[in-house]
Amino acid sequence: MPQDFNHIESVYWVFTQLCNDHCDHCYNNSGPHGERISEEECLAIIGNLPDSMDRLILSGGEPLADKKLLYAILDRLQELYQGRVQIMLQTNGDLLTEQILDTLLEKGITRFDIASIDRYHKHAGARLMELADLFHRRGVNGDDKDPLIEKDTYITRHKASWGYWGATIDMWLGGNWARGRAYEKGHWKQDPEHNFCAILSGGKGFLTGAEDIPQEISIQLWKINPCCPGTKVPLGDARTEKVADVLQRVSKSEIWQKINEGNPLAMGESIGIPEEYARERTAQLQNICLWCDEFFEKHYQGGAIERSCSGCNK
């Protein structure tokens, strides 16, 4: 286990849930009335980020729906890191114009990922060729079209590049989390054998990295998490705590160590909840994220671990 978390390979930050769209498959309830935090809070979070990162992914919601806040974040990031961190933007592309693209490039964005090329979004992928032409005119490389998720390719090799994906059976919707509107509308993965924690955007390697994926943590607005959709109980508050200090603290917990291993079925073993019981509950709930929620609701009270397995039928 690392002794110093002042360097992290990848940080995924949903700084706003404001969005111009209101998709049924959205796992964090983004929309025109989505939850937001203030510029002051965002700047405090930036001050609590690790001293060194390989990449920082800014996402939403739709980042360009909160454009003033996005620009303030980018300005502070450049002031603090002076180009030493690769800044990536996930956007649905609906609001992207030549002028906005020029500003984003000027403010240090080096990777654009268009996450809307599917039937669930407002334009159902119809803007793809328009966006491709826009990026081409500005010299943004389009060779790496797939998401940069493998450990040896997750940093773009170009000065600026772009790619795209959507809510397809293989890429997103086929493994969607039981969260937010996706859960309410039934667009979630009902398969107890699918382990979200063992893949990128899950919890695997959030402390140590893994052989096939980079070390990545998620910040959902202000909540520090080991994975994109977030655990029921966050690791800490990025507005008031140094991310490195939070990771150092939780690295000593056997519960969080199991999530780091990509094995949430075993995260209760240290407090008397056997993996067999977790597997049974996951089968009943049809989704391992729902077991994770239940674990934190029933057996993890306010940061203090219950020392008995009161909910287990052992």
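This is a conversation about the cavities, the pockets and one helix pair of a predicted model.

Biologist: What makes the enclosed spaces in this structure cavities and not pockets?

Modeller: A space is called a cavity when a 1.4 Å probe fits inside but cannot get out, whereas a pocket is an open set of points. A search of the whole structure finds two cavities of 30 Å³ or more, and about 120 Å³ of space lies in the largest of them, with about 50 Å³ in the second largest.

Biologist: Which residues lie nearest the centre of the largest cavity, and how many line it?

Modeller: The lining has 15 residues, and Arg179, Cys197, Cys227, Cys289 and Cys292 are those nearest the centre. Helix 9, which covers residues 288–299, gives the most to this lining, with three residues.

Biologist: How do you know which residues of that lining count as nonpolar?

Modeller: Cys is on the nonpolar list, while Arg counts as charged. On that basis the lining of the largest cavity divides into ten nonpolar residues, four polar and one charged. For the second largest cavity, whose lining includes Asn92, Asp94, His123 and Arg127, the division is five nonpolar, four polar and two charged.

Biologist: Why are helix 1 and helix 2 called roughly parallel?

Modeller: The axes of helix 1 (residues 39–47) and helix 2 (residues 67–81) come within 10 Å and cross at roughly 25°. Angles under 35 degrees count as roughly parallel, and the two helices are therefore roughly parallel to each other. The crossing in which helix 1 passes helix 2 is right-handed.

Biologist: What makes up the contact between these two helices?

Modeller: From helix 1, Glu39, Cys42, Leu43 and Ile46 meet a set of helix 2 residues, among them Leu69, Ile73, Arg76 and Tyr81. The residues of this contact divide into nine nonpolar, no polar and two charged.

Biologist: Turning to the open spaces, which residues lie nearest the centre of the largest pocket?

Modeller: They are Tyr27, Gln90, Trp165, Trp172 and Trp177, out of a lining of 42 residues, and about 930 Å³ of space lies in this pocket. Strand 2 (52–59), strand 3 (86–91) and strand 4 (109–115) each supply at least two residues of the lining, which divides into 20 nonpolar, 15 polar and seven charged.

Biologist: What is the division of residues in the lining of the second largest pocket?

Modeller: Four are nonpolar, six polar and five charged. About 340 Å³ of space lies in this pocket, and Arg179, Lys223, Pro229, Gly230 and Thr231 lie nearest its centre.

Notes
Residues numbered from 1 in each chain as written. Predicted model: local features only at pLDDT ≥ 70, side-chain atom pairs only at ≥ 80, totals over all residues. Heavy atoms only, no water. 1 Å grid on protein atoms, 1.4 Å probe; cavity = no way out; pocket = protein on both sides within 12 Å on 5 of 7 lines; lining within 4 Å. Points joined across faces, edges and corners; volume = space filled by probe spheres on them. Helix = DSSP H or I, 4+ residues; strand = E, 2+ residues; numbered from the N terminus. Axes fitted to C-alpha atoms, helices over the stretch in contact; angles between N-to-C directions. Parallel < 35°, antiparallel > 145°, perpendicular 65-115°, else oblique. Left-handed = near helix turned anticlockwise from the far one by under 90°. Contact = heavy atoms within 4.5 Å.
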